[in-house]
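Trainee: Could we go through one helix of this model together? I would like to know how it packs.
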Amino acid sequence: MVKVRQPTDESLKIILSYLPTKEQITSLVEVYIRSEISLAKRHKIDKMDPREVGFLFCLVGCFALINGQGFAPAGQISEACFNCMCEASTDCDLNADCVNAGPGKYYCGPYQISYEYWRDAGKPGENPDDPLDFEKCLNSKPCSEAAIRGYMQEYAADCDGDQDIDCYDWARIHKSGSQGCNGTWIINTDYWAKFKQCYSKI
């Protein structure tokens with residue numbers, strides 16, 4: 001019986017060091033496209049070789065797969081999705097106050113976002129000279145939405161296992177945080193009932 005040795009952490013690091021990064025692949029695609037355009041202009045070529053066209057499409061397809069894995073970027077959260085998360089959070093009350101629900105549970109604004117959420121989102125609206133910058137941002141719907149975009153860029157996940165990241169996943173993450181968005185407890189909350197009722201009308 002052949003014994004298969006498990007790779008060590010060190011050997012894995014060596015293997016991974018030889019793999020190109022996403023940035024390197026992006027750079028290679030850009031260089032290739034620019035060189036083809038430059039070559040076509042220099043030689044006044046009107047048409048590309050069909051094989052080159054196929055190769056270019058392959059590169060673009062691979063690049064898209066590597067970048068997004070088929071998932072919609074968090075920056076593309078629709079207005080309808082935002083509005084339903086807002087509706088589920090506070091009935092989209094733009095005058096919603098900050099609420100202290102206990103240790104580590106201080107939520108602000110129409111989306112009821114915590115300081116930790118805002119921090120992990122990149123602190124949009126941060127002002128080092130203003131100790132209330134966190135509250136001021138989250139009490140503003142546009143700034144809150146900037147925080148949600150930043151948070152989803154960081155923690156986007158396929159929570160419901162349908163091989164797509166969409167508004168249902170973002171709504172789960174918004175409620176659960178970066179961990180546990182696939183938990184069944186979410187679907188038993190008033191938040192989820194309101195969200196589904198709102199989004200089903202879209």
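Trainee: Which residues of α4 are buried?
Mentor: In α4, the buried residues (under 20% relative accessible area, 1.4 Å probe, protein chains only) are C81, F82, C84, M85, C86, A88 and T90. Helices here are DSSP runs of H or I with at least four residues, numbered from the N terminus.

Trainee: What should I keep in mind about the source?
Mentor: This is a predicted model, where local features need pLDDT of at least 70, side-chain atom pairs count only at pLDDT 80 or more, and totals for chains, interfaces and linings use all residues. Residues are numbered from 1 along each chain as its sequence is written, and side-chain values use heavy atoms, with hydrogens and water left out.

Trainee: What do the buried residues of α4 pack against?
Mentor: They pack against α7 (141–155), α8 (167–176) and α9 (190–199).

Trainee: How do α4 and α9 cross?
Mentor: Their axes, lines fitted to C-alpha atoms over the stretch in contact, with angles from 0 to 180 degrees between N-to-C directions, come within 8 Å and cross at roughly 145 degrees.

Trainee: Which residues meet there?
Mentor: A80, C81, C84, M85, E87, A88 and S89 in α4 meet Y191, K194, F195, C198 and Y199 in α9, with contact meaning heavy atoms within 4.5 Å.

Trainee: Changing topic, how many residues has the largest nonpolar core?
Mentor: That core (buried Ala, Val, Leu, Ile, Met, Phe, Trp, Tyr and Cys residues joined through side-chain atoms within 4.5 Å) has 34 residues. The largest share, 6 residues, comes from α4.

Trainee: And what follows α4?
Mentor: D91, whose phi is positive, near 60 degrees.

Notes: Buried < 20%, exposed > 50% of the residue type's maximum accessible area, 1.4 Å probe, protein only. Helix = DSSP H or I, 4+ residues; strand = E, 2+ residues; numbered from the N terminus.
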